[in-house]
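This report concerns the ligand site and the internal spaces of one protein structure. Please have the sequence and the model open while reading.

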Amino acid sequence: MQSRVQAAGLADISRRLEAGGRLDLADGIRLFECPDLLAVGWLANRERERRHGARTYFNYNLRLEPTNVCVASCLFCSFARLKPADSAAYTMPLEQAWDKLRQRAHQPLTEIHIVNGLNPDLPFGYYTELLRGFKRIRPSIHLKCFTAVEIAFFADLYGMTDAQVLRELMEAGLDSLPGGGAEIFAERVRRKICHDKCDADRYLSIHRTAHLMGMKTNVTMLYGHIETYEERVDHMLRARALQDETGGFQAFIPLAFHPDNNQMRKLPAPSAADTLRVHAVSRLMLDSIPHIKAFWVATGVDVAQAALWFGVDDLDGTVQEEKIYHMAGSSTPEGLSMAQLSRLVRAAGREPFERDTFYNIRQAMGAMP
Ligand code: V47
């Protein structure tokens, strides 16, 4: 394979990685432009195995979106409803949101991941009570809730600083932040696809604040729309720079653009080859971020499986109630069971492990019926 890497013109990158060196913007662009996807994948897999061997992580989680009312007008979004009067707009009463957990009393869930629209009509107490209620029902549940974009929106709407918002949410039970809302950091792209939500600096500053307050977070990248290779690599480098500063990111999650039912529907969805490459280049560029996650709802289950040989060591989790991707055309199942996740990891020749949100291993998943 070394000779293939050489033939692909990647020998210097390979040597630098072997010596513990870092890749820069030009290297990242070369990895995107290199025609030999397998050579790029091989390098990413070497980095993956150096960190995690064959281990592949996922958790028993539940996705909830308690409101889709949203004042932002992101062109890629099929989930948001701008006006509460829209018949498809919804806001769950707290009892209804809590019921989603109560109804799953039999499931050994360890995490709830909440993403909302930017709803201008709710009091801040809705969110603090939402968290408190989940902790009352199951004190051990990890609450990974609200993107940095939501935190910025709360601060502006309720007249608080970002740190105050985070502090109050933590007091109510917030345990970590998910990575949503990052899209592409480059100003050119943000201006076109999501001009009226918080910018890249604020997104990164909120993650920095969260890290300094002791929280772990994730960071995402929405790819496969109007961004260039350079803008993808720039995005990764901005995430890497913050990671160098704080060490607070756990996972980087490339998110494949889904074109159904949104204002960018004329664009094609990214190909499987592009998805494999984005995950591989992420593993190679982001040397200081421990985990690269393939969110199977976004990649598709089959491509997520292949991605386990292209730098990916994490598959998110069982998910169960996802709406953002399913409204944008994802044809994946609503959720996957732990047995299904284990089987697909084993079928790919990798070793499945149930983890908690902090990547502590809960159990090695044996052969499942
Ligand atoms: O920020 C919205 C994306 C994100 C579309 O932190 C779309 O563990 C593709 O961030 N096509 C929310 N993507 C989801 C998210 C996430 C997912 C899994 C794990 C984690 C984590 C975070 O979904 C948004 C946006 O980038 N999105 N619409 C669409 N049409």
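The report turns to the ligand, then to the pockets, and lastly to the enclosed space.

**The ligand and its shell**

The structure is a predicted model. Around the ligand stand 24 residues, and those that come nearest are Phe-76, Lys-144, Gly-181, Glu-183 and Lys-293. Sorted by class, this shell holds 11 nonpolar, eight polar and five charged residues. Two strands, S6 (216-223) and S7 (249-256), each contribute at least two residues to the shell around the ligand.

Backbone N or O atoms of the protein also approach atoms of the ligand, as the table sets out.

| Residue (backbone N or O atom) | Ligand atom | Distance |
|---|---|---|
| Gly-179 | oxygen | 2.8 Å |
| Gly-180 | oxygen | 3.2 Å |
| His-258 | nitrogen | 2.8 Å |

On its own, the ligand has 620 Å² of accessible area, and the protein covers 97% of that area.

**The largest pocket**

Which space does the ligand take? The ligand occupies the space of the largest pocket, whose volume is about 830 Å³. A total of 45 residues line the largest pocket, and Phe-76, Cys-77, Val-115, Glu-183 and Ile-324 lie nearest its centre. Helix H7 (148-158) and the strands S6 and S7 are the elements that give two or more residues to this lining. Phe-76 and Glu-183 thus appear in two lists: they are among the residues that come nearest to the ligand, and they are among those nearest the centre of the largest pocket. Likewise, S6 and S7 supply residues to the shell around the ligand and to the lining of the largest pocket. The lining of the largest pocket divides into 22 nonpolar, 15 polar and eight charged residues.

**The second largest pocket**

The second largest pocket has a volume of about 230 Å³. Its lining consists of 18 residues, of which His-258, Pro-270, Ala-298, Thr-299 and Gly-300 are the closest to its centre. Helix H12 (272-285) and helix H13 (296-299) are the elements giving two or more residues to this lining. H13 gives the most, with three residues. How many charged residues belong to the lining of the second largest pocket? There are no charged residues in that lining, which has nine nonpolar and nine polar residues. His-258 links this pocket with the ligand site: it is among the residues closest to the centre of the second largest pocket, and a backbone N or O atom of His-258 lies 2.8 Å from a nitrogen atom of the ligand.

**The cavity**

A search of the whole structure finds one cavity of 30 Å³ or more. The largest cavity contains about 30 Å³ of space. Its lining is formed by Glu-111, Lys-144, Asn-218, Gln-250, Lys-293, Arg-355, Thr-357 and Tyr-359. By class, these are one nonpolar, three polar and four charged residues. Lys-144 and Lys-293, which line the largest cavity, are also among the residues that come nearest to the ligand.

How values were computed: Residues are numbered from 1 along each chain as its sequence is written. This is a predicted model: local features need pLDDT of at least 70, side-chain atom pairs count only at pLDDT 80 or more; totals for chains, interfaces and linings use all residues. Side-chain values use heavy atoms; hydrogens and water are left out. A residue is near a molecule or strand if one of its heavy atoms lies within 4 Å of it. A polar contact is a pair of N or O atoms within 3.5 Å; within protein, one must be able to donate a hydrogen and the other to accept it, and residues adjacent in sequence count only if both atoms are side-chain atoms. Accessible areas come from the Shrake-Rupley method with a 1.4 Å probe; for residues, only the protein chains shown count as cover. On a 1 Å grid over the protein atoms alone, a cavity is a set of points where a 1.4 Å probe fits but cannot get out, and a pocket is an open set with protein on both sides within 12 Å along at least five of seven lines; lining residues have an atom within 4 Å of a point. A molecule sits in a cavity or pocket if more than half of its atoms lie within 2 Å of its grid points. Helices (H or I, at least four residues) and strands (E, at least two) are DSSP runs, numbered from the N terminus. Ala, Val, Leu, Ile, Met, Phe, Trp, Tyr, Cys and Pro count as nonpolar, Asp, Glu, Lys and Arg as charged, and the others, Gly among them, as polar. Grid points are joined across faces, edges and corners, and a volume is the space filled by probe spheres set on the points.
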